[in-house]
Each structure stands twice: as C-alpha cells, then as structure tokens.
Amino acid sequence: MPQPRTVTLSALTGIPHIHPGDDLAEIILQALERDGIALEGGDVIVIGQKVVSKSEGRLRDLGTVRPGEEAVRLGRETEKDPRLVELILSESRRVLRSRSGLIIVEHRLGFVCANAGIDHSNVAGEESDLVLLLPEDPDGSAKILRDRLQRAGGQDVAVLIIDSHGRPWRMGTVGVVIGAAGFPCLVDLRGQEDLYGYRLRVTEVGLGDELAAAASMLMGQAAEGTPVIHVRGLAYPRRDGSMTEILRPEERDLFR
C-alpha cells in the first residue's frame with residue numbers, strides 16, 4: 001500500500017445542532033458545497049457519533065427509566081444514578097470492572113468501553129435528564145450515509161463513525177471507529193518486506209482508529225461544533241470494512 005506524502009483533513013463548517021429525524025446526509029452535502037468541496041474518489045467522511053445518534057433519535061430521558069435491582073445495587077456501589085446504570089446495563093453484554101463514578105462494560109456491539117458509551121455532554125445542558133446512546137447499528141448507519149453521499153456525488157467515498165474512548169494504562173481519550181463503510185479498519189501487512197528485507201509476520205495496522213484519532217483532533221471534545229471531517233489524500237485498500245474486524249477475539253485477549 002503506497003504511503004501518501006500529504007493527507008488533508010478539513011472540518012466542515014456550519015453544521016447545525018442535530019435533532020431526531022434530521023437528514024444528516026443532506027446536511028453534510030450542504031456543508032461540503034458551502035465549503036467548496038466536491039467529493040472525489042477515495043475521500044473519507046468522518047462523523048462524530050453524537051450527531052448520528054441524535055439524528056437517529058437515540059436520546060433517552062432518565063425520567064422515564066425505572067431501574068431494576070441490579071441497577072440499584074451497582075448504582076449504589078459506583079455512586080451513579082441508578083436510572084443511568086439501568087441504561088448502561090441494557091446496552092451491555094456484561095460488566096467487566098467498576099469503581100466510584102465508572103462502569104467498564106463489554107458493549108452489545110462487542111467493544112469494551114466506559115458507561116456503554118452513554119453520554120451527557122453536548123446533549124441538552126447540565127440540568128437536563130436527557131442522555132445519548134450510541135447508534136443501534138453504527139456500521140449500518142455508516143453504509144446508509146455512504147450510499148447517499150455516493151449517489152449525490154457519483155464518487156467512491158468511505159464513511160467512518162467515531163467516538164472517544166479511554167485506553168487501559170494510558171490517560172486521556174482518543175477517537176476510535178465504531179462504524180465503517182467502504183473503508184478497511186484493519187490493514188494486514190503480514191508478508192510484506194520492511195526496509196531491510198525482513199518479511200513482516202504479525203503487523204496489522206488499525207488504520208480506522210489511526211484516522212479516527214486524527215479526525216478527533218479537529219472535532220474537539222467541548223464546544224467546537226465541528227462533528228464532520230472531510231479527508232483527502234489517504235491511501236487505503238479499496239474494500240468494504242466493518243468495526244467488527246478490529247475487535248480482538250476474547251480467546252486472544254489477555255486482559256478481559
């Protein structure tokens with residue numbers, strides 16, 4: 001896979017606050033036109049999870065949630081609202097670790113994350129009981145958006161949906177892929193030679209997460225209001241991809 005000398009990432013401007021039912025693909029197309037960007041083959045559109053979840057109506061009002069016994073118990077142990085804990089449990093396969101203020105789960109989508117990815121920031125204000133869940137099917141959401149963008153622009157483009165996750169043994173959050181269409185999240189370099197002729201045996205590159213982290217720098221984490229990033233110049237194998245390809249199988253996971 002040839003390596004590019006220049007990759008350009010551009011935050012699209014003028015993206016409005018997103019509400020349930022909004023046509024996110026049309027909003028992105030309008031932003032591209034406003035910023036003078038015509039889609040080209042190989043372009044990637046990276047989208048923050050929150051705007052996808054909002055457009056799909058994944059908002060939940062804690063006032064409507066009735067916590068069960070397990071949520072009440074875990075809420076007491078972690079000092080978290082048991083209504084929120086109930087939603088965390090409903091979005092998870094199992095709880096892996098917990099402490100005051102934090103619950104680490106295996107999400108129903110397969111990855112490990114804090115609080116099942118349920119978020120209160122950039123939702124509806126600090127005093128609101130509204131919280132935001134991850135998309136029901138992020139890969140499916142990415143495919144729908146990609147199909148719309150390709151039909152409108154007539155070009156082979158890719159779409160990534162990303163979220164911010166923490167990492168074991170390291171402080172700080174980074175952008176990671178939770179949904180993909182038209183993009184290989186994992187690139188297998190095994191069998192290729194390095195500069196000295198050594199044939200690579202184990203190297204697989206998490207290209208999706210690398211791009212997600214770069215795009216996340218432009219999106220920001222607070223009041224930036226730039227949840228969509230246009231990427232041009234990145235060389236990648238043209239094939240469809242999925243978030244599931246970067247999930248480490250449990251039998252090869254030394255830490256779960």
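The following paragraphs lead through a predicted model, from one helix to a loop, its salt bridges, an aromatic pair and a surface patch. Local features are reported at pLDDT of at least 70 and side-chain atom pairs at pLDDT 80 or more, whereas totals for chains, interfaces and linings use all residues. Residues are numbered from 1 along each chain as its sequence is written, and side-chain values use heavy atoms, without hydrogens and water.

Helix α1 spans residues 24–34, and its buried residues are Leu24, Ala25, Ile27, Ile28, Leu29, Ala31 and Leu32. Buried here means under 20% relative accessible area, exposed means over 50%, and partly exposed lies in between (1.4 Å probe, protein chains only). Helices (H or I, at least four residues) and strands (E, at least two) are DSSP runs, numbered from the N terminus. The buried residues of α1 pack against β2 (44–48), α2 (49–55), α5 (138–153) and β12 (228–232), with contact taken as heavy atoms within 4.5 Å. Glycine 36, just after α1, has a positive phi of about 70°.

Positive phi also occurs in the loop between β6 (112–114) and β7 (130–132), where asparagine 115 is found. Asparagine 115 is not a glycine, yet its phi is about 55°; this residue is buried, with a relative accessible area of 15%. Alanine 116, in the loop between β6 and β7, likewise has a positive phi, near 55°, and is buried at a relative accessible area of 0%.

The loop also takes part in salt bridges, of which the structure holds 18. Such a bridge requires a side-chain nitrogen of Lys or Arg within 4 Å of a carboxyl oxygen of Asp or Glu. Aspartate 119 is bridged to lysine 50, with the closest N and O atoms 2.8 Å apart. Because aspartate 119 belongs to the loop between β6 and β7 and lysine 50 to helix α2, this pair ties together parts that are 69 residues apart in sequence. Aspartate 129 and arginine 83 form another salt bridge, at 3.7 Å from N to O. Aspartate 129 lies in the loop between β6 and β7 and arginine 83 in helix α4 (residues 82–90), so the parts tied together are 46 residues apart in sequence. Aspartate 129 is partly exposed at 32% relative accessibility, as is arginine 83 at 22%.

Between strands, arginine 94 meets glutamate 106 in a salt bridge of 2.9 Å, N to O. Arginine 94 lies in β4 (residues 92–99) and glutamate 106 in β5 (residues 102–107), twelve residues apart. Arginine 94 is partly exposed at 33% relative accessibility, whereas glutamate 106 is buried at 6%. Elsewhere, salt bridges with shared partners join Arg58, Glu91, Arg108 and Glu136 into one network.

One aromatic pair is found in the whole structure. The ring centres of phenylalanine 183 and tyrosine 236 are 4.7 Å apart and the planes stand at 45°, so the pair is tilted. Rings of Phe, Tyr and Trp (its six-membered ring) pair with centres within 6.5 Å; planes under 30 degrees apart are stacked, over 60 edge-to-face, and the rest tilted. Phenylalanine 183 and tyrosine 236 are both buried. Arginine 238 lies over the face of tyrosine 236, at 5.4 Å from the ring centre; the criterion is NZ of Lys or CZ of Arg within 6 Å of the centre and within 35 degrees of the ring normal.

Finally, in the segment after β12 lies leucine 254, which is exposed, with a relative accessible area of 75%.
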